[in-house]
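The following exercises are intended to be worked with the sequence and the coordinates at hand. Each task is followed by a solution in steps.

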Amino acid sequence: MGMWVTSGNIARLTAKLDWKFGDVGLPRVRGNTARKDRFNGTVQLHRIARLFRIWPGGPGASGRRSARFWYGFLRWLHSQPNAATGTGSMVADDIIAIMLDAINDVHCRAMNFVAIEGPDVRVSAVTIQAPKEGDPAAYIQVIVLQTIEHGTDDENEPPSSGQDPPVEDIPDPAVDPATSGKRGGKKTAKKKAAKKKATKKKAAKKKRL
């Protein structure tokens, strides 16, 4: 997806997409008419991403430069013919169509996303068999985006009205209380160990005197 964000942020974007349209998030989309309507062909991809709260960085980073470049990149995909089809359809429109088909198909248990760089811009979809669990037709939809290096279009942050609630965001290790507690616990343990060691040294010194 170009060089406009760090590789860590690209991995984070992919993780957010997989979370929002995985086995937990996909039923939420199916069960909410307003969310399904985001894929009716009248809403562009960058606006869809903003409504699903998918951008580089943490919860408060929706308007930062890397996020604006992300929106610009997604909007740019609406002007790129899909080299995988040769029909003249645009990559972003094909992505939306693929996602809508998966949302409407109850046999699709989750969507996964892969992004790579290459000599042209194309999107393709492949399916892999999912664990049956009572549905012999269950599958996972994999969406593969190949793109040339691009992505410094500074697009304004789309409106947030109607967005998903923040509580549905992917858990962020940076603010995860469980993680923070563990870090704090490690620091406390280190302090206790250091204090104990100092006490022993002090006792040994007094004994020598």
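**Exercise 1. The sheet**

How many bridges join β1 to β3, and do these strands run parallel or antiparallel?

Solution. Some conventions come first. The model is predicted, so local features need pLDDT of at least 70 and side-chain atom pairs count only at pLDDT 80 or more, while totals for chains, interfaces and linings use all residues. Residues are numbered from 1 along each chain as its sequence is written, and side-chain values use heavy atoms, with hydrogens and water left out.

Step 1. Identify the elements: helices (H or I, at least four residues) and strands (E, at least two) are DSSP runs, numbered from the N terminus. The protein has seven helices and three strands, arranged along the sequence as α-α-α-α-α-α-β-β-β-α.

Step 2. Count the bridges. β1 and β3 run parallel and are joined by nine bridges; two strands pair if DSSP finds at least two bridges between them. Within this pairing, I116 stands opposite Q146 of β3.

Step 3. Examine the other pairing. β2 and β3 are antiparallel, with eight bridges. Here V142 of β3 is the bridge partner of V126, and Q141 is that of T127.

Step 4. Assemble the sheet. The order is β1-β3-β2, in an open sheet with mixed pairing. β1 (108-117) and β2 (122-129) are the edge strands, each pairing on one side only. On average, neighbouring strands are turned by 20 degrees against each other, direction ignored; the axes are lines fitted to C-alpha atoms, for helices over the stretch in contact, and angles run from 0 to 180 degrees between N-to-C directions.

**Exercise 2. Q141 in its strand**

Determine whether Q141 is buried or exposed, and describe its surroundings.

Solution. Step 1. Apply the cut-offs: buried means under 20% relative accessible area, exposed over 50%, and partly exposed in between (1.4 Å probe, protein chains only). Q141 counts as buried because its relative accessibility is 9%.

Step 2. Place the residue in its element. Q141 is found in β3, a mostly covered strand in which eight of nine residues are buried.

Step 3. List the neighbours, where contact means heavy atoms within 4.5 Å. Beyond four places in sequence, the contacts of Q141 include I98, A102, C108, M111 and V126.

Step 4. Look for a polar contact, that is, a pair of N or O atoms within 3.5 Å; within protein, one must be able to donate a hydrogen and the other to accept it, and residues adjacent in sequence count only if both atoms are side-chain atoms. A polar atom of the Q141 side chain lies 3.1 Å from the backbone oxygen of V126.

**Exercise 3. Q163 in its loop**

Which residues are in contact with Q163, leaving aside its neighbours within four places in sequence?

Solution. Step 1. Locate the residue. Q163 is found in the loop between β3 (139-147) and α7 (177-208).

Step 2. Classify its exposure. Q163 counts as partly exposed because its relative accessible area is 28%.

Step 3. Name the contacts. They are R38, R50, L51 and R53.

Step 4. Separate out the polar contacts between side chains. Q163 and R50 are joined by one of 2.7 Å, and Q163 and R53 by one of 3.1 Å.

Step 5. Compare sequence and space. Q163 and I48 are 115 residues apart along the chain, and their C-alpha atoms are separated by 9.1 Å.
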